[in-house]
Amino acid sequence: MSWSDPSTIGYPVLFGGVLLGSIIPIVPTGAVVGAGAAVAMTTSNLSLPLVILLATLGAFVGDVVTFAVARLGSEAAIRWIARRQQADRLEKTRLQFEKRGWQIIVIGRLIPAGRIPVLLAAGALAYPWRKLLLASFGASLLWAVAYSLLGIVSGGIFDSPLIATLLATVLVLLVTVALNLVSRYRNRSKTETGDRS
């Protein structure tokens, strides 16, 4: 194994970045996956199936760790993870979780800022491990494929790995902003409807 080989560095960075960002949301994991897919499309340094597999595994392990902290951890650990989450969002998620848990896990993984409240609620409600593992793996795979597609698109447009990576990152950020705007609009509409009734 040669450290001058880009894949020797690329695969661990991809997996580690997604894993870290899935536990502590300081790394833009979607951008990491999109960039990895763009590099895979424009060079022979990375394999697209391996990019998707490692992104899926990183996201899955990160989600399981977050769930485990909420399920098995102390109150202090849960507060540490939830410190940036809104209390009303956590409570709303907790109530909806009892009705359709696996769907919420999948949606929470795909919507920006939705994953942590969902996993905390799942842990707080003692959602069964078996169901969580199945739903989380499916959600992680779907998420990895979705963000890889943005890298595939940018890699198909440009032959330069640098330009394709930058475009993939911009596409991921635009999708994230668009999803946040849609979520805010829907929440505002629900609030206004509730106020009128």
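These legends accompany four close-up views of a predicted model.

**View 1. Helix 2 beside helix 3.** Let us start with a pair of helices: helix 2 covers residues 29–42 and helix 3 covers residues 48–72. Their axes lie 9 Å apart, and the packing angle is about 165 degrees. Angles over 145 degrees count as roughly antiparallel, so that is the description for helix 2 and helix 3. The crossing of helix 2 past helix 3 is right-handed. On the helix 2 side, the contact is made by Val33, Gly36, Ala37, Ala40 and Met41, and helix 3 brings Leu48, Val51 and Ala55. What classes of residue make up this contact of helix 2 with helix 3? Seven are nonpolar, one is polar and none is charged.

**View 2. A closer look at helix 2.** Here we stay with helix 2 and its 14 residues. Counting 1.5 Å a residue, helix 2 should span 20 Å, and its end C-alpha atoms are indeed 20 Å apart, so the two values agree. Is helix 2 mostly covered or mostly uncovered? Helix 2 is mostly covered, with 11 of its 14 residues buried. Among the buried residues are Thr29, Gly30, Ala31, Gly34, Ala35, Ala38 and Thr42. Val33, Gly36, Ala37 and Ala40 are buried too, and these four also take part in the contact with helix 3.

**View 3. Helix 3 meets helix 7.** Helix 3 has another partner to visit, helix 7, which covers residues 115–124. The axes of helix 3 and helix 7 are 7 Å apart, at an angle of about 45 degrees. The two helices are therefore oblique to each other. Helix 3 passes helix 7 in a crossing that is right-handed. Which residues make the contact? From helix 3 come Asp63, Thr66, Phe67, Ala70 and Arg71, while helix 7 offers Arg115, Leu119, Leu120, Ala122, Gly123 and Ala124. Sorted by class, the contact of helix 3 with helix 7 has six nonpolar, two polar and three charged residues.

**View 4. Ser136 and its neighbours.** The last view turns to Ser136, which sits in helix 8 (residues 129–157). Why does Ser136 count as buried? Its relative accessibility is 1%, and buried means under 20%. Leaving aside residues up to four places away in sequence, Ser136 touches Phe60, Asp63 and Ile105. You may recognise Asp63 from the view before: this residue of helix 3 is also part of the contact with helix 7.

Definitions and conventions
Residues are numbered from 1 along each chain as its sequence is written. This is a predicted model: local features need pLDDT of at least 70, side-chain atom pairs count only at pLDDT 80 or more; totals for chains, interfaces and linings use all residues. Side-chain values use heavy atoms; hydrogens and water are left out. Axes are lines fitted to C-alpha atoms, for helices over the stretch in contact, and angles run from 0 to 180 degrees between N-to-C directions. Angles under 35 degrees count as roughly parallel, over 145 as roughly antiparallel, 65 to 115 as roughly perpendicular and the rest as oblique. A crossing is left-handed if the near helix is turned anticlockwise from the far one by less than a right angle, and right-handed if clockwise. Contact means heavy atoms within 4.5 Å. Ala, Val, Leu, Ile, Met, Phe, Trp, Tyr, Cys and Pro count as nonpolar, Asp, Glu, Lys and Arg as charged, and the others, Gly among them, as polar. The expected span of a helix is 1.5 Å times one less than its number of residues. Buried means under 20% relative accessible area, exposed over 50%, partly exposed in between (1.4 Å probe, protein chains only).
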